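Student: I'd like to learn how to read a structure like this one. Could you walk me through it?

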2 protein chains.
Amino acid sequence: MHDLETLGEKRIIRLIWEYLDRMPDLALDFGDDVSAVNIGGGRVAVLKTDMLVGETDVPPGMSIRQAARKAVVMNISDFAAKGVKPLAMLISLGLPRTLKENDIRDIGAGLSDAAREYSTYIIGGDTNEASDLIISCSLLGFSSEERIVSRGGAKPGDIVAVTGEFGKTSAGLKILLEGLSAPQEIEEKLKEAVFVPRARLREGLALSEAKVLSASIDSSDGLAISLHELADASDVGFIIDHVPIADEALIFADIHSLDPYDLGLYGGEEYELIVTVKPQFWKSAKSAVADVGGNLIRIGRVIRERRIEMRIDGEIRNIERRGWEHFRR
Amino acid sequence: MHDLETLGEKRIIRLIWEYLDRMPDLALDFGDDVSAVNIGGGRVAVLKTDMLVGETDVPPGMSIRQAARKAVVMNISDFAAKGVKPLAMLISLGLPRTLKENDIRDIGAGLSDAAREYSTYIIGGDTNEASDLIISCSLLGFSSEERIVSRGGAKPGDIVAVTGEFGKTSAGLKILLEGLSAPQEIEEKLKEAVFVPRARLREGLALSEAKVLSASIDSSDGLAISLHELADASDVGFIIDHVPIADEALIFADIHSLDPYDLGLYGGEEYELIVTVKPQFWKSAKSAVADVGGNLIRIGRVIRERRIEMRIDGEIRNIERRGWEHFRR
């Protein structure tokens with residue numbers, strides 16, 4: 001009999017999924033960033049749920065207000081990856097008895113911060129007693145079947161790109177969880193990346209509006225594992241020839257003699273989008289993102305073979321399938 | 001500074017709600033059984049989320065499969081009260097590390113039991129590590145603005161009715177939590193009421209289809225508190241002249257010298273519907289419910305005054321505002 005640690009999150013989900021009847025007419029495969037149901041006339045209703053758990057998702061130093069904001073951002077990021085505007089959301093809370101009235105106010109303020117940032121509304125929810133802080137969000141939006149971007153459409157020859165740099169949250173978590181340090185200004189920025197993550201909603205909406213993506217995923221489980229998920233869903237591989245690492249992460253890696261690529265690839269809690277674009281649409285994709293103040297960074301290309309390789313400075317490395325997965329540490 | 005026990009669930013929700021911007025164009029007031037957003041053309045998207053927590057919602061003796069089924073039923077019941085067909089749902093799980101593979105299979109089986117029973121589909125979700133078992137469900141459906149039944153439409157003179165008898169779960173919980181006993185056959189039925197609750201979806205859909213309801217709520221927090229909620233939302237009161245108590249609960253009350261009305265009024269975890277009906281629609285309402293194999297039972301009438309009174313056998317009693325509320329025991 002396996003225990004949960006051996007099973008891992010993906011296998012747990014698969015086990016449960018085996019018991020469930022399949023809904024006919026789903027617009028995205030099970031296991032994509034969001035769920036989408038055809039509702040007629042080419043329209044789809046898009047749903048996402050994700051749960052923030054105090055013990056595993058709230059590192060030391062993160063305030064309750066930041067935690068509540070993050071619970072929403074985690075969900076918004078998946079909508080961003082599919083190019084879907086979040087219309088409204090529900091919040092289900094599990095609250096430990098040790099919380100005080102001010103903590104509840106902080107939860108309200110943090111939820112409100114996120115709802116305003118991403119122009120959506122919280123329209124309901126419920127509260128429960130629980131032994132750990134639980135903030136479960138459920139997001140609703142609408143899209144068209146042709147516009148929603150799946151994980152499964154990447155084709156050999158497509159360009160692979162990301163919406164930002166990597167490595168800051170990995171470094172930040174090493175500071176918060178393992179007690180590593182860095183010069184104050186850098187340390188602040190690295191911790192900030194963990195405490196105030198940002199979802200790339202504007203970028204995701206602009207890219208889907210421009211109809212330039214063949215596939216998309218968010219990087220919340222880490223760049224490496226998300227590339228693997230994208231490769232699995234599209235049945236392709238990638239040659240990655242550039243991993244954009246944030247300056248602060250480079251300095252941090254240097255101080256602690258860490259491999260900066262390890263920080264960039266195998267982290268998590270980083271909410272960038274990883275997208276694939278046909279070469280003829282690259283310029284439009286770049287400018288669609290630039291128009292909303294973002295930056296689309298080319299990191300490699302899609303190949304037919306089912307391997308994911310990093311080729312940088314003449315060196316070839318395998319990008320491993322590891323990163324953030326609940327129940328596996 | 002108040003702690004959560006003093007605040008109570010309703011006040012916690014209100015505190016958080018104060019921080020949130022109101023979405024324009026909601027089809028139901030905040031605090032109704034479900035949330036509903038106008039999506040154009042007179043249509044509304046309906047959402048509900050509710051969380052089952054192991055420690056507070058799973059009494060001793062309830063299997064994991066039953067708990068998973070119950071997590072879905074809790075949500076379906078709110079859709080039933082609004083007369084909305086559940087189209088699809090998401091499940092967010094918090095799983096303690098102590099669970100085994102077979103427990104995960106039981107969760108899958110229990111979720112599947114409920115989805116089949118109520119002809120809906122589970123189309124996605126996620127899993128997380130948590131210190132207690134958490135099963136958070138989010139339900140999506142569609143309705144029309146005119147057909148969805150709010151809590152706020154009861155008018156003086158309307159008939160108040162329920163879809164079944166009360167008291168079995170109160171008695172069952174006294175057996176499971178307080179160690180009271182009853183003759184075996186009765187004890188089994190009372191425990192069964194707790195372990196395998198049933199949502200009145202067919203009844204709710206039939207009533208909304210027949211367009212005979214002025215207001216509706218589910219009784220999951222107990223008959224008494226739900227009557228108070230309905231009265232608050234509609235700004236009315238009730239004279240209750242009949243409280244249908246299940247035979248098993250009557251026998252149990254007799255054995256233990258309990259007031260059967262206490263069992264019927266102040267319980268919880270009982271998923272009947274409480275509805276109000278204009279007298280001229282009463283016959284249609286009765287037969288709409290009978291047509292789907294149910295029973296609509298008249299329990300009293302709506303009055304203008306803001307009091308809720310029970311008048312039975314010449315005795316007048318106040319129906320108190322108490323029942324099941326998280327954080328208050």
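Student: Which residues of α8(A) are buried?

Tutor: Buried means under 20% relative accessible area, exposed over 50%, and partly exposed in between (1.4 Å probe, protein chains only). In α8(A), the buried residues are A:Leu223, A:Ala224, A:Ile225, A:Ser226, A:Leu227, A:His228, A:Glu229, A:Leu230, A:Ala231 and A:Ser234. That is 10 of the 12 residues, so α8(A) is largely enclosed by the rest of the structure. Helices (H or I, at least four residues) and strands (E, at least two) are DSSP runs, numbered from the N terminus.

Tutor: Keep in mind that this is a predicted model, where local features need pLDDT of at least 70, side-chain atom pairs count only at pLDDT 80 or more, and totals for chains, interfaces and linings use all residues. Residues are numbered from 1 along each chain as its sequence is written, chains are lettered from A and ligands numbered from 1 in the order in which they are written, and side-chain values use heavy atoms, with hydrogens and water left out.

Student: What comes just after α8(A)?

Tutor: There, A:Asp235 takes a positive phi of about 55°.

Student: Now salt bridges. How many are there over all chains?

Tutor: Side chains of opposite charge can pair when their charged atoms come close. We call it a salt bridge when a side-chain nitrogen of Lys or Arg is within 4 Å of a carboxyl oxygen of Asp or Glu. Searching the whole structure gives 66 over all chains. Take A:Arg151 and A:Asp33, whose side chains meet at 2.7 Å, N to O. They sit 118 residues apart, A:Arg151 in the loop between β5 and β6 of chain A and A:Asp33 in the loop between α1 and β1. A:Arg151 counts as buried at 12% relative accessibility, and A:Asp33 is buried at 1%.

Student: Which residues join that pair in a network?

Tutor: A:Lys10, A:Asp32, A:Lys82, A:Asp221 and A:Glu229 are linked with A:Asp33 and A:Arg151 in a network of salt bridges. You met A:Glu229 among the buried residues of α8(A).

Student: And how do I read the place where the chains touch?

Tutor: Look at contact, meaning heavy atoms within 4.5 Å. Here it takes 76 residues from chain B and 76 residues from chain A. Buried area is the accessible area (1.4 Å probe) that two parts lose on being put together, summed over both. Chain B and chain A bury about 6900 Å² between them, 67% of it on carbon and sulfur atoms.

Student: How many salt bridges are there between chain B and chain A?

Tutor: Two. A:Asp21 and B:Arg116 meet in a salt bridge at 2.7 Å, N to O.
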